[in-house]
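Student: I should like to learn how to read the features of a protein structure. May we go through them one at a time?

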Amino acid sequence: MKKPKNPDIAGADHRLVFLGPPGSGKGTQARLLATRRGLTHISTGVILRAEIKAETPVGLKARKYIVTGRLVPDEMIRSLAEDAVRDANFSKFILDGYPRTIQQAQWLCEFLDAQDASLTAVIQLMIDEDDVVMRLSQRRIHSLTGENFHLSNKPPPEEEAEFMVSRPDDQPDAIRKRLKVYYRETHPLIEYYDAQGLLLPVQALGSFSEVHAQIRSTLQIP
Ligand code: AMP
């Protein structure tokens, strides 16, 4: 297995992947770190939901996979993710939700390699399954801004209540399906990245700011 070309994770250029089961808070944490450190946040889930909303051909195809908690086919997501990484000039980005399969990880590696770049670290957010179900069933999204809320941890402002919606894939059946899919398809990436010396595990339980602080200290980002 290849060793990272750039093991200096304290360096200025971060090319990061956030890994973790649905409900681990990876989207929120990736967005927070990206905003605070001027990195580009690339969420394939956000990209796909935008495609669905715009009723593009990809969106129309992706919808049936997403609402039932399945992964969209690898080929469907590959160019969307690669376009976003290219738009970020191959640097200073956090990939959130990509790669999700070994195939996608291999494509990403080849894609970066062709630019003589490589990932600098992979953050693994760790959380128990029971906590996942609890978190996801309480997640709400602002239908206009896309901001995430949580009924107990980050309650939405009362005056915004009418805009709060649950994601269709946060219904109990879809949550269980997504978890199964995560352990079957995505969990193997942990070993894959560990073997490359890139994996940095972080406990995902705790307040948003505690987990954020933990991620920064793990990445040695002041
Ligand atoms: P997320 O917002 O990251 O939880 O993604 C929501 C849904 O989008 C997932 O449950 C998948 O159906 C789909 N999706 C997002 N990223 C990928 C990916 N890299 N590969 C396959 N499906 C994806």
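Tutor: Let us begin with a definition: two strands pair if DSSP finds at least two bridges between them. Please keep in mind that this is a predicted model.

Student: How do strands of a sheet pair in general?

Tutor: Strands of a sheet pair through backbone hydrogen bonds, and they do so either parallel or antiparallel. In this structure, three strands form an open sheet in the order β6-β5-β7, and the pairing is antiparallel.

Student: Which strands stand at the edges of this sheet?

Tutor: The edge strands are β6 (148-150) and β7 (164-165). Each has a single partner strand, so one side of each is left without a neighbour in the sheet.

Student: How many bridges join β5 to β6?

Tutor: Strand β5, residues 139-142, is joined to β6 by three bridges, and the two run antiparallel. One position to examine is Arg140, whose bridge partner in β6 is Phe149.

Student: Where may I see parallel pairing?

Tutor: Please turn to strand β4. Strand β1 (residues 15-19) runs parallel to β4, and four bridges join them. Strand β8 (residues 199-203) also pairs with β4 in parallel fashion, through five bridges. Gln124 of β4 is a useful residue to follow: it is the bridge partner of Leu19, and its own bridge partner in β8 is Pro201.

Student: Is strand β4 largely enclosed or left open by the rest of the structure?

Tutor: A residue is called buried when its relative accessible area is under 20%. Five of the six residues of β4 (residues 121-126) are buried, so this strand is largely enclosed by the rest of the structure.

Student: I should next like to read salt bridges. How many does the structure hold?

Tutor: A salt bridge is recognised when a side-chain nitrogen of Lys or Arg is within 4 Å of a carboxyl oxygen of Asp or Glu. The structure holds eleven of them. Consider Arg78 and Glu82, whose closest N and O atoms are 3.1 Å apart. Both residues belong to helix α4 (residues 74-87), and they are four residues apart, about one turn of the helix.

Student: Are these two residues buried or exposed?

Tutor: Arg78 counts as partly exposed, at 28% relative accessibility, whereas Glu82 counts as buried, at 12%.

Student: With which residues does Arg178 form salt bridges?

Tutor: Arg178 forms a salt bridge with Asp169, the closest N and O atoms being 3.8 Å apart. The side chain of Arg178 also meets that of Asp170 in a salt bridge of 2.9 Å, N to O. The relative accessible area is 6% for Asp169, which is buried, and 11% for Arg178, which is buried as well. Asp170 likewise counts as buried, at 4% relative accessibility. Salt bridges that share partners join Arg139, Arg167, Asp169, Asp170 and Arg178 into one network.

Student: Which residues form the positive surface patch?

Tutor: In reading such a patch, Lys and Arg count as positive. Here the patch is formed by Lys61, Lys64, Arg70, Lys177 and Lys180. Helices α3 (57-67) and α7 (172-186) each supply at least two of its residues. Lys180, for example, lies in helix α7 and is exposed, with a relative accessible area of 60%.

Student: What should I expect of the backbone, in general terms?

Tutor: Most residues other than glycine have a negative phi, and most peptide bonds are trans.

Student: Which residues here have a positive phi without being glycine?

Tutor: Glu55 is one of them, with a phi near 55 degrees. Glu55 is found in the loop between α2 (44-53) and α3, and at 57% relative accessibility it counts as exposed. Another is Asn89, with a positive phi of about 60 degrees. Asn89 belongs to the loop between α4 and β3 and is exposed, its relative accessible area being 61%.

Student: Where is there a cis peptide bond?

Tutor: The peptide bond from Tyr98 to Pro99 is cis, with omega near 0 degrees. Pro99 is placed in the loop between β3 (93-96) and α5 (102-113).

Note on methods:
Residues are numbered from 1 along each chain as its sequence is written. This is a predicted model: local features need pLDDT of at least 70, side-chain atom pairs count only at pLDDT 80 or more; totals for chains, interfaces and linings use all residues. Side-chain values use heavy atoms; hydrogens and water are left out. Patches are made of residues with over 30% relative accessible area and no salt bridge: like charges are joined within 9 Å, nonpolar side chains (Val, Leu, Ile, Met, Phe, Trp, Tyr) within 5 Å. Accessible areas come from the Shrake-Rupley method with a 1.4 Å probe; for residues, only the protein chains shown count as cover. The place of a charge is taken as NZ of Lys, CZ of Arg, CG of Asp or CD of Glu. Buried means under 20% relative accessible area, exposed over 50%, partly exposed in between (1.4 Å probe, protein chains only).
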